[in-house]
Amino acid sequence: MTAYETIIVDTEGRVGVITLNRPKALNALNTQLMNEVVGAAKAFDADPGIGAIVLTGSEKAFAAGADIKEMSSKTYSDVVSEAFFGAWDDLSRVRTPIIAAVTGYALGGGCELAMLADTIIAGENARFGQPEINLGVIPGIGGSQRLTRAVGKAKAMDLVLTGRQMKADEAERAGLVSRVVPTEEALTVAKEAAATIASKSLISVYLAKEAVNRAFDTTLTEGVRAERSLFYSLFATEDQTEGMAAFVDKREPEFKHR
Ligand code: CAA
């Protein structure tokens, strides 16, 4: 098992859990944490025994953003030559669904990390925002793009330009989060949702995620065409035969993930 210093990695059945663990810095995302989160997510993705991933922080902070102390002395040539933040892009290539269980602050890179997950379950105390403007910069891990797609231009502009924080109920109304639950239940609810996903056929889960994601980077016509093709392809799987036979036989399916 890989030794991690800034995260805690655990499994519960077919669910992998990644907990951000830099409490003194409110889980600020430094380079080490980025590499560890991405490494752990990729390791879960490569493990056929894992069907869903939960990403979480602490009650006070999911993550309070990129690590400002690490970032503050960097120059233009530093960030360009390091491809600073570039490793986060690997998270969007993980095929296993990722659920973010967000309690407390999800600011800047923290909000962006939550949006890199496939869906967000928020505790009532969650606070979302893109306050980079207060530091003389702008979002750098996809926030200006993913937030705008999630909540629309008006609210994205409002949040990115003012740097204000949005509470969980506003985030739910805006479509950023799928559910708001009592703070102390957020992780449990996220794990339950992950266990439900992990009980499905992994192949149909991969393709369902791929199909929904197509909606964000293609036209409606192309997206529907891609969905149809993915749908047809599932008829080549044993799990399609099993899933439909189980329905007809009035029993639970036994998916083999092939
Ligand atoms: N980077 C580094 N350290 C951070 C941090 C961050 N983003 N956020 C908090 N910390 C540290 C604080 O410096 C403090 O450390 P010390 O005890 O050593 O001083 C510790 O965490 C606790 O923080 P506070 O004392 O500030 O806690 P608070 O409860 O008073 O305030 C907060 C909480 C409102 C979240 C406040 O910490 C804050 O505003 N944090 C910064 C939020 C922010 O600007 N995030 C965006 C970062 S830029 C970015 O993310 C770029 C991008 O696009 C990727």
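Which residue in β10 is the bridge partner of G123? Keep that question in mind for a moment while I remind you that what we have on the screen is a predicted model, and then let us go to strand β7, where G123 sits.

Strand β7 covers residues 119-123, and 4 of its 5 residues are buried, so that the strand is mostly covered. On one side of the pairing story we have strand β5, residues 98-102, which runs parallel to β7 and is joined to it by 4 bridges; within that pair, A100 has I120 of β7 as its bridge partner. Strand β7 also pairs with strand β10, residues 179-181, again in the parallel sense, and here there are 3 bridges. That brings us back to the opening question, and the answer is V181, which is the partner of G123 in β10.

Let me now turn to the ligand. There are 25 residues around the ligand, and those that come nearest are K60, A66, G109, E132 and G140. For K60, an N or O atom of the side chain lies 2.8 Å from an oxygen atom of the ligand, while for E112 the corresponding side-chain distance to a ligand oxygen is 3.0 Å. With G140 it is a backbone N or O atom that lies 2.8 Å from an oxygen of the ligand. Taken alone, the ligand exposes 990 Å², and the protein buries 65% of that area.

Which elements give two or more residues to the shell around the ligand? They are α2 (68-71), β6 (105-107) and α4 (109-116), and α2 gives the most, with 3 residues. Sorted by class, finally, the shell holds 15 nonpolar, 4 polar and 6 charged residues.

Methods. Residues are numbered from 1 along each chain as its sequence is written. This is a predicted model: local features need pLDDT of at least 70, side-chain atom pairs count only at pLDDT 80 or more; totals for chains, interfaces and linings use all residues. Side-chain values use heavy atoms; hydrogens and water are left out. Buried means under 20% relative accessible area, exposed over 50%, partly exposed in between (1.4 Å probe, protein chains only). Two strands pair if DSSP finds at least two bridges between them. A residue is near a molecule or strand if one of its heavy atoms lies within 4 Å of it. A polar contact is a pair of N or O atoms within 3.5 Å; within protein, one must be able to donate a hydrogen and the other to accept it, and residues adjacent in sequence count only if both atoms are side-chain atoms. Accessible areas come from the Shrake-Rupley method with a 1.4 Å probe; for residues, only the protein chains shown count as cover. Ala, Val, Leu, Ile, Met, Phe, Trp, Tyr, Cys and Pro count as nonpolar, Asp, Glu, Lys and Arg as charged, and the others, Gly among them, as polar.
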